[in-house]
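Colleague: Could you take one part of this model and walk me through it closely? I'd like the strand that has both of its faces covered, and what sits beside it.

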Amino acid sequence: ITSLKLLAEPLGINKIEVGVNGGRILFKPKPDIDPMQIITLIQKQPNIYRLDGPDKLRFSLPLNSPEDRIEFVTGLLEKLKG
């Protein structure tokens, strides 16, 4: 979890919530993420990703184990990092 925080902080991510059926990422007012990274995620996988207001990215997919959740969020943060 500490490694996720270290990846999230420089990107301007305020909070990450993850559960069995997905979760969401809450961004700070001015995140350091290229908006095209988020748009590309949504366009390529609209059944998984969607925006929920100007500061939230939701993702919906089964993440049954804690290991699955950590692996998914790590990969997502790497994608957002560019």
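Modeller: Here is a close look at that strand, with a little of the whole chain around it. Bear in mind that this is a predicted model, where local features need pLDDT of at least 70 and side-chain atom pairs count only at pLDDT 80 or more, while totals for chains, interfaces and linings use all residues. Residues are numbered from 1 along each chain as its sequence is written, and side-chain values use heavy atoms, with hydrogens and water left out.

The protein reads α-β-β-α-β-β-α along its sequence, with helices (H or I, at least four residues) and strands (E, at least two) taken as DSSP runs numbered from the N terminus. Your strand is β2, residues 22-27, and 6 of its 6 residues are buried, meaning under 20% relative accessible area with a 1.4 Å probe, protein chains only. On one side you have Gly-22, Arg-24 and Leu-26, and on the other Gly-23, Ile-25 and Phe-27. For the protein as a whole, buried residues make up 33% of the 82.

Now the neighbours; strands pair if DSSP finds at least two bridges between them. β1 (residues 13-19) runs antiparallel to β2 with 6 bridges, and a hairpin of 2 residues links the two. Within that pairing, Lys-15 sits opposite Leu-26 of β2. β2 also pairs with β4 (residues 56-60), again antiparallel, through 5 bridges. There, Gly-23 has Phe-59 as its bridge partner.

Terms used
Buried means under 20% relative accessible area, exposed over 50%, partly exposed in between (1.4 Å probe, protein chains only).
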